[in-house]
Amino acid sequence: MQYQRSSALFAEAKKYIPGGVNSPVRAFKAVGGEPIFIKEAKGAYLYDVDDNRYIDYIASWGPLILGHAHEPVLNAVIEKAKKGTSFGIPTEIETELAQLAVGMVPNVDKIRFVNSGTEACMSAVRLARGCTGKDKIIKFAGCYHGHSDSFLIQAGSGAVTFGSPNSPGVTQGTAKDTLLANYNDLAGVKELVNANKGEIAAIIIEPIAGNMGCIIPTDKFINGLRELCTQEGILLLFDEVMTGFRLAKGGAQEALNIDADIVMFGKVIGGGLPVGAFAARAEIMAHLAPDGPVYQAGTLSGNPLAMSAGLAMLTELNARSEIFTSLSEKTEFLHKGIAEVLTEKGVAHQINRFGSMVSIHFCEAPVIDFETAAKGNNDTFKKYFHGMLDHGVYLPPSAFESYFLNDAISYADLAKTIEAVRKVFE
């Protein structure tokens, strides 16, 4: 494939935008080379500025679960835009989407809309601190909850020490309130809780991780977290920005049969427009302004364009629950096909899958946390990524990201993808 136009656009972008991109993973730093620039998309396919077509396995990093330019969503946004794009004043459609979302998700009574997953997670942590009166939180290595200061923390010197900033601009004062644990390590979490007795407001987790590849919690681990939080008066926060309305109508809470205390959403709930949200039981949400003292606000929160896209998306998902089964079956087909090829070619690999999320790790040992995910062969991944790109398959440009399948992908597309893997490793 030829990428001349993309290359020229990237060179131009770097003159005016830091790194030439508005979100770092897009710059292809993890895989080398230069990013492609997209001009349009439809259904399962992306089309770049050099007129190359790709089967898309990121779906805008998850939200486009029904495919690109899905007609009901597109039409809802167009019709709403004709009446105005934003008012900063309440509109009826906010309540319509809130009612639908609360009705689909177990264990929540009220929801507050914001503009991004980062904002949802940041606000949820503030709410948890506000209603518990405690300052510290526990997060997990490899889980990403946006770029708020509290979440940009790396490991400290031992299991019971607090973390340290892993980005300039994050203060030590902020870092001291964030404790870092390892995913799927319940004993380590208990050690942190015991060492900080009565000081922890919340444990925040991706219930199915998607930012170190797709990592699935063991039953013992995820159920143990719920029991521990209940015993210790700690709020359990599920970051369902990726998993919400993707793994099931009720997201990971439904799929895992676990009730969180606060749930954060993004991606699918906006139908491709910038939306985030956080939801909880009424007694927790009562602490939020204007009902309570915990402040959170946003000029564009609940804007009619985003609400119309989200309402169209969730309405269809609510009416067609078979989509979740269909997507899971397609993902299983892809998983098995790629595994067969890699085994045949003698390529060391691990494939993790849950619902319509899947990731491939080029390593021997099972991938259960950030440490094991980091052992993947990055040189193999780089060759794999660029080889697949040249065969018309767009994958996440990082070994630490999950693939997201969309409903528009056909079995013919999946077969073509599997055949592309075969060609790359030949």
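**Exercise 1. Determine on which sides strand β11 is covered, and identify its partners.**

Step 1. Strand β11 comprises residues 262–265, and both of its faces are covered. I262 and M264 lie on one side, V263 and F265 on the other, and all four are buried; buried means under 20% relative accessible area, exposed over 50%, partly exposed in between, with a 1.4 Å probe and protein chains only. In a regular strand, side chains alternate between the two faces of the sheet. Strands, like helices, are DSSP runs numbered from the N terminus (strands: E, at least two residues; helices: H or I, at least four).

The model is predicted: local features need pLDDT of at least 70 and side-chain atom pairs count only at pLDDT 80 or more, while totals for chains, interfaces and linings use all residues. Residues are numbered from 1 along each chain as its sequence is written, and side-chain values use heavy atoms, with hydrogens and water left out.

Step 2. Strand β10 (residues 235–240) runs parallel to β11 and is joined to it by four bridges; two strands pair if DSSP finds at least two bridges between them. Within this pairing, D239 stands opposite M264.

Step 3. Strand β12 (residues 276–280) runs antiparallel to β11, again with four bridges. Here A279 is the bridge partner of V263, and A277 stands opposite F265.

Step 4. Between β10 and β11 comes helix α8 (residues 251–256), and the three elements make a right-handed β-α-β unit. Right-handed means that, with the strands pointing away from the viewer, the path from the first strand over the helix to the second runs clockwise.

**Exercise 2. Place β11 in its sheet and name the edge strands.**

Step 1. The sheet is open and has seven strands in the order β4-β12-β11-β10-β9-β5-β8, with mixed pairing.

Step 2. The edges are β4 (110–114) and β8, each of which pairs on one side only.

Step 3. On average, neighbouring strands of this sheet are turned by 20° against each other, direction ignored; axes are lines fitted to C-alpha atoms, for helices over the stretch in contact, and angles run from 0 to 180 degrees between N-to-C directions.

**Exercise 3. Establish which residues of helix α6 are buried and what they pack against.**

Step 1. In α6 (residues 186–195), the buried residues are L186, G188, V189, L192 and V193. They lie on the same side of the helix because they cover an arc of only 160° around the axis, taken from the directions from the helix axis to the C-beta atoms.

Step 2. A187 and N194 are exposed, on the face turned away from the buried side.

Step 3. The buried residues pack against β5 (136–140), β8 (178–181), β9 (200–205) and α7 (219–232), where contact means heavy atoms within 4.5 Å.

**Exercise 4. Describe the sheet that contains β13 and the helix packed on it.**

Step 1. Three strands form an open sheet in the order β13-β14-β16, with antiparallel pairing. Its edge strands are β13 (350–354) and β16 (403–404), each pairing on one side only.

Step 2. Five bridges link β13 to β14 (residues 357–361), and R353 stands opposite V358.

Step 3. Helix α11 (residues 322–344) packs on this sheet and touches β13 and β14; its direction makes about 175° with that of β13.

**Exercise 5. Decide whether S308 is buried or exposed, and list its contacts.**

Step 1. S308 lies in helix α10 (residues 304–319). Its relative accessibility is 4%, so S308 counts as buried.

Step 2. Neighbours within four places in sequence aside, S308 is in contact with A76, V77, K80 and I93.
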